[in-house]
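Reader: I have just opened this one and do not know my way around yet. Please walk me through it slowly, and I will interrupt with questions.

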Amino acid sequence: MKYILMMHTPGSGPYQISKWPRKDIEAHIGFMMDFAKRLTAQGELVGAEGLAGPDQAKIVRAGSDGKPITDGVFPEMKEFLAGYWIVDVDSPERAYAIAAEASAAPGPNGAPLNLAIEVRQVMSGPPRD
């Protein structure tokens with residue numbers, strides 16, 4: 001079963017990691033790289049990406065003429081999607097365990113961030129019924 005694990009982080013301007021001391025940024029990125037390598041070695045990682053902050057985001061919809069209409073940027077969001085993983089695991093419980101590990105990524109001074117990770121099954125097609 002495939003699941004998407006979406007890491008949400010508090011808003012209030014550009015991604016706060018840019019304000020961390022360099023050693024804390026390196027520890028956080030190192031954790032994420034090792035985490036991805038381990039999931040890949042276990043055959044569970046389908047894909048993962050970090051995302052730009054809301055200060056670079058746009059909402060796009062089609063206008064009545066079919067051309068894009070954009071709205072944004074959104075520098076003052078309450079929270080935003082910082083990144084995601086897609087995993088292929090045997091059970092929802094395994095997806096939850098992976099999400100908990102990602103949630104505890106180190107932040108400033110090495111303290112676990114304990115960020116919210118939304119876990120949702122990736123649907124491979126319409127229901128069989």
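## A loop, a sheet and a few residues

Author: Let us start at asparagine 114, which sits in the loop between α2 and β6. Please keep in mind throughout that this is a predicted model.

Reader: What is the sign of phi at asparagine 114?

Author: Phi is positive there, at about 50°, even though asparagine 114 is not a glycine. As background, most residues other than glycine have a negative phi.

Reader: And is asparagine 114 buried or exposed?

Author: Asparagine 114 counts as exposed because its relative accessible area is 55%, and the cut-off for that class is over 50%.

Reader: Which other residue should I look at in the loop between α2 and β6?

Author: Asparagine 109 lies in that loop between α2 and β6, and for this residue, again not a glycine, phi is positive at about 60°. Asparagine 109 is classed as exposed, since its relative accessibility is 68%.

Reader: Going back into α2, where does serine 103 lie?

Author: Serine 103 belongs to helix α2, which covers residues 92-103. With a relative accessible area of 11%, serine 103 is buried, because that class takes in values under 20%.

Reader: What does serine 103 touch, if I ignore its neighbours within four places in sequence?

Author: With those neighbours set aside, serine 103 is in contact with Leu113, Asn114, Leu115 and Ile117. You have met one of these already, as Asn114 is the loop residue we began with.

Reader: Now let me zoom out. How many helices and strands does the chain have?

Author: The chain has two helices and six strands, and along the sequence they follow the pattern β-α-β-β-β-β-α-β.

Reader: In what order do the strands of the open sheet come?

Author: The open sheet is made of four strands in the order β2-β5-β1-β6, and their pairing is antiparallel. Since β2 (45-50) and β6 (117-121) have a single partner strand each, they stand at the edges, and one side of each is left without a neighbour in the sheet. On average, and with direction ignored, neighbouring strands of this sheet are turned by 20° against each other.

Reader: What holds strands of a sheet together in general?

Author: In general, strands of a sheet pair through backbone hydrogen bonds, in either a parallel or an antiparallel way.

Reader: Then how many bridges join β1 to β5 here?

Author: Nine bridges join β1, residues 2-10, to β5, and the two strands run antiparallel. One of the residues to find is proline 10, whose bridge partner in β5 is glutamate 79. β1 also pairs with β6, again in the antiparallel sense, over five bridges, and tyrosine 3 stands opposite glutamine 121 in β6.

Reader: And over how many bridges do β2 and β5 pair?

Author: β2 pairs with β5, residues 79-88, over five bridges in the antiparallel sense. If you want a landmark there, glycine 47 has isoleucine 86 of β5 as its bridge partner.

Reader: I also clicked on glutamate 49. In which strand is it found?

Author: Glutamate 49 is found in β2, and because its relative accessibility is 47%, it counts as partly exposed. Beyond residues up to four places away in sequence, glutamate 49 touches Gly83 and Tyr84. Its C-alpha is 15 Å from that of isoleucine 98, a residue 49 positions away in sequence.

Reader: Let me try another strand. Where is alanine 62 found, and what does it touch?

Author: Alanine 62 is in strand β3, residues 59-62, and, with neighbours within four places in sequence left out, it is in contact with Lys67 and Ile69. Alanine 62 is exposed, as its relative accessible area is 58%.

Reader: Last topic, the chain as a whole: what are its dimensions, and what share of its residues is buried?

Author: Along the principal axes, the C-alpha atoms fill a box of roughly 50 × 50 × 20 Å, and 28% of the 129 residues count as buried. The accessible surface is about 8300 Å², and carbon and sulfur atoms make up 56% of it. Among contacts with a separation of 6 or more, 72% involve residues 24 or more positions apart.

Reader: How far apart are the mean positions of the positive and negative charges?

Author: The mean positions of the 13 positive and the 16 negative charges of the chain are 4 Å apart.

Conventions
Residues are numbered from 1 along each chain as its sequence is written. This is a predicted model: local features need pLDDT of at least 70, side-chain atom pairs count only at pLDDT 80 or more; totals for chains, interfaces and linings use all residues. Side-chain values use heavy atoms; hydrogens and water are left out. Two strands pair if DSSP finds at least two bridges between them. Axes are lines fitted to C-alpha atoms, for helices over the stretch in contact, and angles run from 0 to 180 degrees between N-to-C directions. Buried means under 20% relative accessible area, exposed over 50%, partly exposed in between (1.4 Å probe, protein chains only). Contact means heavy atoms within 4.5 Å. Accessible areas come from the Shrake-Rupley method with a 1.4 Å probe; for residues, only the protein chains shown count as cover. Lys and Arg count as positive and Asp and Glu as negative; His and the chain ends are not counted. The place of a charge is taken as NZ of Lys, CZ of Arg, CG of Asp or CD of Glu.
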